[in-house]
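Please work through the following exercises with the sequence and the coordinates at hand. Each task is followed by a solution in steps.

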Amino acid sequence: MNQAALNRIRFILQKTFNVVCFSRTLDTVGNHFIANLTEFGNLWIRLFSQSHKAGLMWKELTGSKPKSYSETRWWSRWEVNKQLMEQFGDVQRFIDDMVRENVAPQILRQLVDFFSHLNKVISLKLELAALVDAGKVFVKATYILEGDGPLVLSCFETLQAVCNACQNVHLPNVHAVAVAIVDADPTQNVGALEQEAKRSVQPAIECFLRKFNVDLRNTLSAFKAARIRCPVTMQ
């Protein structure tokens with residue numbers, strides 16, 4: 001639709017060009033976080049969307065309502081998973097309570113089966129931590145670029161900051177989780193666990209870097225130029 005509108009006015013404004021929605025572009029990066037997190041996350045979201053009682057039990061246990069998922073809200077799944085990571089210590093007790101109350105039995109069977117596989121649970125913990133650590137910069141940039149004001153002046157710098165974060169990935173939650181896993185099981189290795197976690201978010205990081213450095217390079221060059229030239233223009 002943007003391109004069609006530009007085509008109609010281009011005979012007057014000959015140097016117009018189409019600009020993608022950068023917030024939506026950033027949000028789609030989240031689709032590339034993968035592995036056990038996707039399997040468990042889908043069950044978790046379905047549970048609370050289908051069982052009001054499950055939501056009440058979670059709130060009673062943790063003191064907070066479960067985050068809801070919305071297809072139209074930026075980084076909604078990330079918010080759900082962030083809460084899950086922060087309150088992961090309550091999940092096993094919550095599942096045990098649901099077993100006693102026989103809540104949402106079909107989904108519950110799958111959750112119980114998932115938690116019966118120790119390797120899956122370990123991977124889930126690492127992937128949740130990696131998602132929160134790596135996703136934070138994308139979430140922040142998404143909402144900055146959705147806002148009002150002269151975004152043309154800050155767009156390039158905002159996306160450059162995301163690019164810098166992707167090239168120097170900082171995963172403090174992953175390290176904390178890896179250390180806790182090794183404390184409980186000395187046969188594990190912190191470095192190996194951290195590498196496993198990083199691999200789970202690498203496709204999303206590579207997706208963004210490809211868009212920033214290749215797919216949208218020409219568009220972003222215009223925003224880079226606007227950032228450089230604007231102070232001179234304003235004088």
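The exercises below go from the overall fold to helix packing, salt bridges and backbone detail.

The structure is a predicted model, in which local features need pLDDT of at least 70 and side-chain atom pairs count only at pLDDT 80 or more, while totals for chains, interfaces and linings use all residues. Residues are numbered from 1 along each chain as its sequence is written, and side-chain values use heavy atoms, with hydrogens and water left out.

**Exercise 1. Overall composition**

Task: Determine how many helices and strands the protein has, and what percentage of its residues count as buried.

Solution.
Step 1. Assign the secondary structure from DSSP runs, numbered from the N terminus (helices: H or I, at least four residues; strands: E, at least two). The protein then has twelve helices and zero strands.
Step 2. Classify accessibility: buried means under 20% relative accessible area, exposed over 50%, and partly exposed in between, with a 1.4 Å probe and protein chains only. Of the 235 residues, 40% count as buried.
Step 3. Examine contacts, that is, heavy atoms within 4.5 Å. Among those between residues at least 6 apart in sequence, 74% join residues at least 24 apart.

**Exercise 2. The packing of α4 and α6**

Task: Describe the geometry with which α4 and α6 pack, and identify the residues that make the contact.

Solution.
Step 1. Fit axes as lines to C-alpha atoms, for helices over the stretch in contact, and take angles from 0 to 180 degrees between N-to-C directions. The axes of α4 and α6 are 11 Å apart, and the helices pack at an angle of about 135°.
Step 2. Classify the angle: under 35 degrees is roughly parallel, over 145 roughly antiparallel, 65 to 115 roughly perpendicular, and the rest oblique. The helix α4 is therefore oblique to α6.
Step 3. Assign the hand: a crossing is left-handed if the near helix is turned anticlockwise from the far one by less than a right angle, and right-handed if clockwise. The crossing of α4 past α6 is right-handed.
Step 4. List the contact residues. On α4 they are K53, A54, M57, W58 and L61, and on α6 they are V91, R93, F94, D97, M98 and E101.
Step 5. Sort them by type, counting Ala, Val, Leu, Ile, Met, Phe, Trp, Tyr, Cys and Pro as nonpolar, Asp, Glu, Lys and Arg as charged, and the others, Gly among them, as polar. The contact of α4 with α6 has seven nonpolar, no polar and four charged residues.

**Exercise 3. Salt bridges**

Task: State how many salt bridges a search of the whole structure finds, and analyse the pairs K53 with E101 and R100 with D97.

Solution.
Step 1. Apply the criterion, a side-chain nitrogen of Lys or Arg within 4 Å of a carboxyl oxygen of Asp or Glu. The search finds five salt bridges.
Step 2. In one of them, the side chains of K53 and E101 meet with an N to O distance of 3.3 Å. K53 lies in helix α4 (residues 52-62) and E101 in helix α6 (residues 91-101), so this pair ties together parts 48 residues apart in sequence. K53 is partly exposed at 39% relative accessibility, as E101 is at 44%.
Step 3. In the salt bridge of R100 with D97, the closest N and O atoms are 2.0 Å apart. Both residues belong to helix α6, where a spacing of three residues separates them by about one helical turn. R100 is exposed at 62% relative accessibility, whereas D97 is buried at 18%.

**Exercise 4. The packing of α8 and α10**

Task: Classify the angle at which α8 and α10 cross, and give the composition of the contact.

Solution.
Step 1. The axes of helix α8 (residues 118-146) and helix α10 (residues 172-184) come within 7 Å and cross at roughly 160°. The helix α8 is therefore roughly antiparallel to α10.
Step 2. The crossing of α8 past α10 is right-handed.
Step 3. The contact residues divide into ten nonpolar, one polar and two charged.

**Exercise 5. V80 and W75**

Task: Decide whether V80 is buried or exposed, and locate W75.

Solution.
Step 1. V80, in helix α5 (residues 76-86), is buried, with a relative accessible area of 3%.
Step 2. Neighbours within four places in sequence aside, V80 is in contact with W44, I45, K67, S68 and Y69.
Step 3. W75 is in the loop between α4 and α5. It is not a glycine, yet its phi is positive, near 55°, and W75 is buried at 4% relative accessibility.
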